[in-house]
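Please have a look at the model shown here, and then let us walk through it together, one region at a time.

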There are 2 protein chains.
Amino acid sequence: MPIERRPLREQIREELLSRLDRGDFAAGTDINEVALATELGVSRTPLREALITLAGEGVLESNQGRGFRFAPVSRKEFTELCEIVAALESLALDRSDPAYLREIAPKLLRLARDFPDRIAEQQVIERHDDEWHDLLLSGCRNERLLDLITSVKAGMRRYAHLLTGDETPLEREQAEHCRVAELLMAGDLPQAAEALRDNWVNGMERMMSRIPASS
Amino acid sequence: MPIERRPLREQIREELLSRLDRGDFAAGTDINEVALATELGVSRTPLREALITLAGEGVLESNQGRGFRFAPVSRKEFTELCEIVAALESLALDRSDPAYLREIAPKLLRLARDFPDRIAEQQVIERHDDEWHDLLLSGCRNERLLDLITSVKAGMRRYAHLLTGDETPLEREQAEHCRVAELLMAGDLPQAAEALRDNWVNGMERMMSRIPASS
DNA sequence: TGTCCCAAATCTGTATTCAGAATTCATAGT
DNA sequence: ACTATGAATTCTGAATACAGATTTGGGACA
């Protein structure tokens with residue numbers, strides 16, 4: 001059993017993202033490097049490396065002389081991110097092997113129907129949603145594209161916790177996933193890609209009201 | 001005249017990218033941090049920060065314990081990158097103000113026609129090409145998308161120097177740019193986006209033969 | 001009371017140092 | 001001659017140290 005040995009900066013990055021999911025950080029707040037490094041039990045060096053990576057992904061902003069801070073959320077930015085991910089996932093679907101997609105379609109349908117109960121914790125729901133999208137794209141042969149999608153989605157994590165307590169939209173999300181899966185089973189790739197884009201556009205609208213108006 | 005004060009890591013990143021354009025680095029070669037830092041006259045800290053950024057953009061690879069190296073080039077990866085940029089630029093065009101596009105269309109046409117002579121240095125041609133694309137997208141209201149495009153294009157810089165000495169394809173590139181500009185003048189956005197995608201697909205094919213077969 | 005200014009404290013950006021992993025090179029053994 | 005082994009070297013990953021920029025807080029002055 002090979003023990004995990006990978007750069008601290010990556011572990012730190014993931015820890016920060018997971019804390020972001022839990023809503024531990026308020027958007028727009030400054031990061032104190034010494035404090036955070038101490039809290040994480042690492043030195044500033046790998047922490048800063050992680051922060052720089054996150055800044056590159058749009059999770060953080062950096063200003064000369066005043067360090068990093070969590071980028072403020074805004075409806076405009078979330079719209080922009082959704083547009084981007086919709087286009088990228090749609091492209092990924094287009095670059096997937098149709099045969100493979102038909103093969104996993106039943107599983108996608110099952111996953112979509114098994115959408116966690118609305119009582120479930122937000123964390124669980126999100127993980128389930130991610131799992132579904134990951135499976136959907138798992139047949140994409142454009143590796144760079146998959147990496148890029150992951151990176152862009154990291155930037156969306158700042159918005160995740162805003163959905164806590166949401167209930168009604170869940171059914172919509174579920175229905176849309178089912179629709180994509182059904183279209184894939186029917187082998188209609190273009191329509192499936194279209195439905196996927198719709199899923200993102202609708203998801204964007206669902207989130208909109210939850211995002212505080214920019215100051 | 002305010003003197004430039006911004007993080008070293010950014011200046012280093014740009015310096016490395018510009019050296020990459022000049023073909024100073026062979027793809028696949030390891031980077032010696034101390035040597036490179038000394039050569040640049042900086043310490044390893046900001047250099048490593050720049051390297052990490054470049055790794056995030058796909059310019060470099062990093063392997064635990066053995067540092068960074070320029071990611072090897074391959075036809076597969078270049079294809080992937082072109083697919084991505086084609087989709088992103090096409091989306092950017094779609095998210096631009098049609099009126100603004102019609103406004104800059106004449107300038108785009110002029111720029112395209114002024115394509116540098118084939119005798120010009122590769123560097124000049126590339127800068128001209130970039131300038132054209134930048135102007136084309138300058139009206140895109142999705143700022144995140146513009147940043148993303150810049151970042152993905154950084155990953156393509158490893159391929160730039162492979163085109164040196166190419167001559168014939170220049171006219172094709174010029175013709176394609178003109179076509180996009182003309183469609184924009186006519187106000188036909190969908191067709192222009194289509195022509196832009198074609199431009200990337202064709203550019204990809206032009207490059208293909210220049211990329212050494214992966215070992 | 002409110003505002004401006006300056007000193008102290010805080011924090012970032014960069015350099016340097018340290019520890020341990022990976023590589024190299026020479027040598028012993030077959 | 002070739003391979004395996006291990007010590008020496010080189011290099012990365014991480015921690016610490018340092019310099020200068022930014023923020024904070026208090027006191028002088030209106």
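**A walk through the model**

The largest share of the surface near DNA strand C, three residues, is supplied by α3(B). Please keep in mind that this is a predicted model. The whole surroundings of DNA strand C come to 20 residues, and the closest are A:Gly67, B:Leu8, B:Ser43, B:Thr45 and B:Gly65. If you would like to follow the helices here, look for α2 (33-40) of chain A together with α1 (8-21) and α3 (44-56) of chain B, each of which gives at least two residues to the surface near DNA strand C. Sorted by class, that surface has six nonpolar, nine polar and five charged residues.

Now turn to DNA strand D. Around DNA strand D there are 20 residues, of which A:Leu8, A:Ser43, A:Thr45, A:Gly65 and B:Gly67 come nearest. At least two residues each are supplied to the surface near DNA strand D by α1 (8-21) and α3 of chain A and by α2 (33-40) of chain B. The largest share is that of α3(A), with three residues. By class, you will find six nonpolar, nine polar and five charged residues on the surface near DNA strand D.

How are the two chains related? Chain A can be laid on chain B by a turn of 180 degrees and a shift of 0.0 Å along the axis, with an RMSD of 0.0 Å. The two copies are therefore related as by a two-fold rotation axis. Both copies use the same surface, since 100% of the contact residues of chain A recur in chain B.

Next comes the place where the chains meet. There, 23 residues of chain A are in contact with 23 residues of chain B. On the side of chain A that touches chain B, the elements giving two or more residues are α3 (44-56), α4 (75-94) and α7 (143-160) of chain A. Of these, α4(A) provides the largest share, seven residues. The classes on this side of chain A are nine nonpolar, five polar and nine charged residues.

Let us now go inside. Which residues have the most contacts inside the largest nonpolar core? They are A:Leu88 and B:Leu88, in a core of 68 residues. Leaving aside neighbours within four places in sequence, A:Leu88 is in contact with A:Leu145, A:Leu148, A:Ile149 and A:Val152. Apart from the largest core lies another core, of 22 residues, and among them are A:Ala50, A:Phe68, B:Ile12 and B:Leu16.

The strands are a good next stop. In chain A, β1(A) and strand β2 (residues 67-70) pair in the antiparallel sense over four bridges. A:Glu61 stands opposite A:Arg69 in β2(A). The two faces of strand β1 (residues 60-63) of chain A can be told apart: A:Leu60 and A:Ser62 are on the covered face, while A:Glu61 and A:Asn63 are on the uncovered one. Three residues lie between β1(A) and β2(A), which form a hairpin, and A:Gly65 in the turn has a positive phi of about 85 degrees. You have already met A:Gly65 among the residues that come nearest to DNA strand D.

Chain B has its hairpin as well. Strand β1 (residues 60-63) of chain B pairs with strand β2 (residues 67-70) of chain B in the antiparallel sense, over four bridges. Across the pair, B:Glu61 stands opposite B:Arg69 in β2(B), and B:Ser62 stands opposite B:Phe68 in β2(B). In the hairpin of β1(B) and β2(B), with three residues between the strands, B:Gly65 in the turn has a positive phi of about 85 degrees. B:Gly65 is also one of the closest residues to DNA strand C.

Finally, let us pause at a single residue, B:Gln174, whose place is in helix α8 (residues 169-185) of chain B. Is B:Gln174 buried or exposed? B:Gln174 is partly exposed, because 17 other C-beta atoms lie within 10 Å, and 20 or more would be needed for a buried residue. Not counting residues up to four places away in sequence, B:Gln174 touches B:Ala112 and B:Phe115. B:Ala192 is 18 residues from B:Gln174 along the chain, and their C-alpha atoms are separated by 15 Å.

Definitions and conventions: Residues are numbered from 1 along each chain as its sequence is written. Chains are lettered from A and ligands numbered from 1 in the order in which they are written. This is a predicted model: local features need pLDDT of at least 70, side-chain atom pairs count only at pLDDT 80 or more; totals for chains, interfaces and linings use all residues. Copies are superposed by least squares on the C-alpha atoms of residues with pLDDT of at least 70 in both. Two residues are in contact if their C-beta atoms, placed from the backbone, lie within 7 Å. A residue is near a molecule or strand if its C-beta atom, placed from the backbone, lies within 6 Å of it. Ala, Val, Leu, Ile, Met, Phe, Trp, Tyr, Cys and Pro count as nonpolar, Asp, Glu, Lys and Arg as charged, and the others, Gly among them, as polar. Two strands pair if DSSP finds at least two bridges between them. A nonpolar core is a set of buried Ala, Val, Leu, Ile, Met, Phe, Trp, Tyr and Cys residues joined through C-beta atoms within 7 Å. A residue is buried if 20 or more other C-beta atoms lie within 10 Å of its own, exposed if 12 or fewer, and partly exposed in between; C-beta atoms are placed from the backbone.
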